[in-house]
Amino acid sequence: MKFKAILFAVAVSASTLAFAQETKKAGPPAGNALVGDTYGGGVSSNIESKAISVEKLSKKLKKEKKVENVAIKGKVTDVCDKKGCWLTIQTEDNSQFFVKMKDYAFFVPTALKGKTVVMDGTAEKKVTSVDEQKHYAEDAKKPQSEIDAIKAPKEEIRFVANGIKVVN
C-alpha cells in the first residue's frame with residue numbers, strides 16, 4: 001500500500017513537471033519603432049495625409065465632446081513600461097494627452113518614446129479620477145512623492161487608437 005502511494009506521488013509530480021508551462025514576464029513588445037512601422041490596425045497613407053495637429057484637435061474638442069474617425073500627428077513622450085498598453089503625446093502648449101489602444105487589442109514598444117506618430121481613432125474630453133491617474137503614474141514608474149501629490153480629478157483629452165504609424 002505504501003509503495004502505491006509513493007508511486008502515485010511520483011506520477012503526479014512527474015506529470016506536473018511535464019505539463020508545467022514556462023512563465024514569461026509580460027512586457028511591452030520588442031521593436032525599434034522605425035519609420036513606417038505600424039501597430040494595431042495600421043494607418044493608410046490616405047489617413048496619414050489627413051492627420052491634424054494636436055492643436056487643431058483641441059479646438060475641435062472645444063466645440064464637440066467627442067471626435068470620431070480622426071487622425072492625429074504628434075510626438076510620443078511616454079509609453080507604459082509594463083505592457084506598452086498606453087502612451088502620451090506632446091501637445092503644442094507642452095502639456096500631454098493620453099492614448100489607449102482600442103479594446104486593449106495591441107501594444108507598442110517603449111522604443112516609440114521620442115518618435116512622431118500618426119494615430120487613427122477617437123478623441124474626447126474626459127475627467128480622469130484620482131485613482132486612475134495614480135494607476136497610470138505607477139505604470140510609468142513615477143516617484144511615490146509625485147503619485148501622492150495627485151489629489152484631484154482632471155479633465156483631459158483622451159484618445160483611443162485603432163492604429164498607430166511611426167512617421168519620424
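Begin with the surface of the whole protein chain, which exposes about 10600 Å², with carbon and sulfur atoms supplying 53% of that area. The model on the screen is a predicted one. Of the 168 residues in the protein chain, 35% are buried.

Next, switch to a cartoon view and colour the chain by secondary structure. Five helices and seven strands should appear. Starting at the N terminus, their order is α-β-α-β-α-β-β-β-β-α-α-β. Among contacts between residues at least 6 apart in sequence, 74% join residues at least 24 apart.

**The paired strands**

Select strand β3, residues 66-79, together with strand β4, residues 86-90. Three bridges join β3 to β4, and the two strands run antiparallel. Within this pairing, Asp78 has Thr88 of β4 as its bridge partner. The two strands form a hairpin with six residues between them, and Gly84 in the turn has a positive phi of about 80 degrees.

Keep β4 selected and add strand β5, residues 96-101. Five bridges pair β4 with β5 in the antiparallel sense. Here Ile89 stands opposite Phe97 in β5. This second hairpin has five residues between its strands, and Asn94 takes a positive phi near 65 degrees.

Is β4 enclosed by the rest of the structure or open? Four of its five residues are buried, so β4 is largely enclosed by the rest of the structure.

Return to β3 and add strand β6, residues 116-128. β3 and β6 pair over eight bridges in the antiparallel sense. Lys75 can be found opposite Thr116 in β6. Then add strand β7, residues 154-166, which runs antiparallel to β6 and is joined to it by 12 bridges. To see one of these positions, select Asp120, whose bridge partner in β7 is Gly163.

While the strands are displayed, a general pattern is worth recalling: in a regular strand the side chains alternate between the two faces of the sheet.

**The nonpolar cores**

Now show side chains. In soluble globular proteins, nonpolar side chains tend to be buried together. Which residues have the most contacts inside the largest nonpolar core? They are Leu87, Phe97, Leu112, Met119 and Ile164, in a core of 27 residues. The elements giving two or more residues to this core are α3 (54-63), β3, β4, β5, β6 and β7. A second, separate core has six residues, among them Cys80, Cys85, Trp86 and Phe98.

Centre the view on Met119 and display its neighbours. Leaving aside residues up to four places away in sequence, Met119 touches Val70, Ala71, Ile72, Leu87, Ile89, Phe97, Val99, Phe159, Gly163 and Ile164.

**The aromatic rings**

For the last stop, display the rings of the aromatic residues; they form five aromatic pairs. Select Phe98 and Tyr136: their ring centres are 4.3 Å apart and their planes stand at 45 degrees, so the pair is tilted. This pair links distant parts of the chain, since Phe98 belongs to strand β5 and Tyr136 to helix α4 (residues 130-139), 38 residues apart.

Are these two residues buried or exposed? Phe98 counts as buried because its relative accessibility is 7%, under the cut-off of 20%. Tyr136, at 12% relative accessibility, also counts as buried. Finally, add Trp86 to the selection: Trp86, Phe98 and Tyr136 form one aromatic cluster.

Methods:
Residues numbered from 1 in each chain as written. Predicted model: local features only at pLDDT ≥ 70, side-chain atom pairs only at ≥ 80, totals over all residues. Heavy atoms only, no water. Pairing = 2+ DSSP bridges. Buried < 20%, exposed > 50% of the residue type's maximum accessible area, 1.4 Å probe, protein only. Contact = heavy atoms within 4.5 Å. Areas by Shrake-Rupley, 256 points an atom, 1.4 Å probe, with all protein chains shown as cover. Core = buried A, V, L, I, M, F, W, Y, C linked by side-chain atoms within 4.5 Å. Phe/Tyr/Trp six-rings, centres within 6.5 Å; stacked < 30°, edge-to-face > 60°.
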